[in-house]
Amino acid sequence: MLKQVAPEFTTNWFEMSKPRWEALIPQAQPSRILEIGSYEGASACFVIEKLGNQKPIEIHCIDTWEGSIETREQDMPAVERRFDTNTAIVIEKATHEVKLTKHKGRSDRILARLLAEGYAGYFDLVYVDGSHQAPDVLCDAVLGFRLCRPRGIMIFDDYLWTDRSASEPDVLRTPKPAIDAFTNLYSKKLRFFPAMLYQVYLEKLSD
Ligand SMILES: C[S@@+](CC[C@H](N)C(=O)[O-])C[C@H]1O[C@@H](n2cnc3c(N)ncnc32)[C@H](O)[C@@H]1O
């Protein structure tokens, strides 16, 4: 039995995205969700709380739980424990089955493994919020696209993020060039949703 009754988060990263997600998630009604970058589970808990009382859902959460080069948090095992507790709390409250699969490891390997296991075109929603390094984001975008079904949705967080901890600006340590490259190269297979620019919302049109 869980003693804690509500999820607890030590960051407010997800707060800025909430208004857009409040509108989009109930409308899009994803049943199979893939999240790259889960941290304490704020975005995963939001989706579970929104949809877990409406229908069965399946959510796959990928994270190293080692942080990123810009992460200030030192105690990542505590972050992972909070993810476990927070998601367990919201799953326990959901009236429908919530099947959560936790994938601990680097996203490139796990995404490639999911593809090899037959998950191509499986997910209704792919949320990319892991590493902020451009080469990593490009890899997450391309593999995430393969895992997303046609008419599914891809969301990229932190489009305009910059690393304030870096001694000098380095555009390759930000998601933007990767998201730009991906959306340019795949422009015939994507449709942009109108949105504020901090996150990028796309519909996959075809394989
Ligand atoms: C910004 S946080 C995710 C926030 C979460 N979506 C939320 O709403 O609270 C980014 C996460 O990505 C993870 N991460 C960084 N690089 C990664 C990689 N290459 N593969 C998997 N996870 C990674 C970090 O450990 C961190 O927990």
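**Exercises on a predicted model with a ligand**

**Exercise 1.** Describe the shell of residues around the ligand in this predicted model.

*Solution.* Step 1: count the shell. The ligand is surrounded by 21 residues, and the closest are Gly37, Ala42, Ser43, Ser107 and Ser131.
Step 2: sort the shell by class. Six residues are nonpolar, nine are polar and six are charged.
Step 3: assign elements. At least two residues of the shell come from helix H2 (42-51), and at least two from strand S2 (57-63).

**Exercise 2.** State which residues of the largest nonpolar core touch the most other members, then list the contacts of Ile59 beyond four places in sequence.

*Solution.* Step 1: the core holds 42 residues. Those touching the most other members are Ile48, Ile59, Val126, Val128, Leu147 and Met154.
Step 2: take Ile59 and set aside its neighbours within four places in sequence. Its remaining contacts are Ile33, Glu35, Ala44, Val47, Ile48, Val98 and Leu100.
Step 3: place this in context. Nonpolar side chains in soluble globular proteins tend to be buried together.

**Exercise 3.** Give the order of helices and strands along the chain, and compare its radius of gyration with that of a compact globule.

*Solution.* Step 1: there are six helices and seven strands. Read from the N terminus, the order is α-β-α-β-α-β-α-β-α-β-α-β-β.
Step 2: a compact globule of 207 residues would have a radius of gyration near 17 Å; the chain has 16 Å, so the two agree.
Step 3: add the extents. The C-alpha trace spans about 50 × 40 × 35 Å along its principal axes.
Step 4: consider burial and contacts. Of the 207 residues, 36% count as buried. Among contacts with a separation of 6 or more, 76% join residues 24 or more positions apart.

How values were computed. Residues are numbered from 1 along each chain as its sequence is written. This is a predicted model: local features need pLDDT of at least 70, side-chain atom pairs count only at pLDDT 80 or more; totals for chains, interfaces and linings use all residues. A residue is near a molecule or strand if its C-beta atom, placed from the backbone, lies within 6 Å of it. Helices (H or I, at least four residues) and strands (E, at least two) are DSSP runs, numbered from the N terminus. Ala, Val, Leu, Ile, Met, Phe, Trp, Tyr, Cys and Pro count as nonpolar, Asp, Glu, Lys and Arg as charged, and the others, Gly among them, as polar. A nonpolar core is a set of buried Ala, Val, Leu, Ile, Met, Phe, Trp, Tyr and Cys residues joined through C-beta atoms within 7 Å. A residue is buried if 20 or more other C-beta atoms lie within 10 Å of its own, exposed if 12 or fewer, and partly exposed in between; C-beta atoms are placed from the backbone. Two residues are in contact if their C-beta atoms, placed from the backbone, lie within 7 Å. The radius of gyration is taken over C-alpha atoms; the globule rule is 2.2 Å times the number of residues to the power 0.38.
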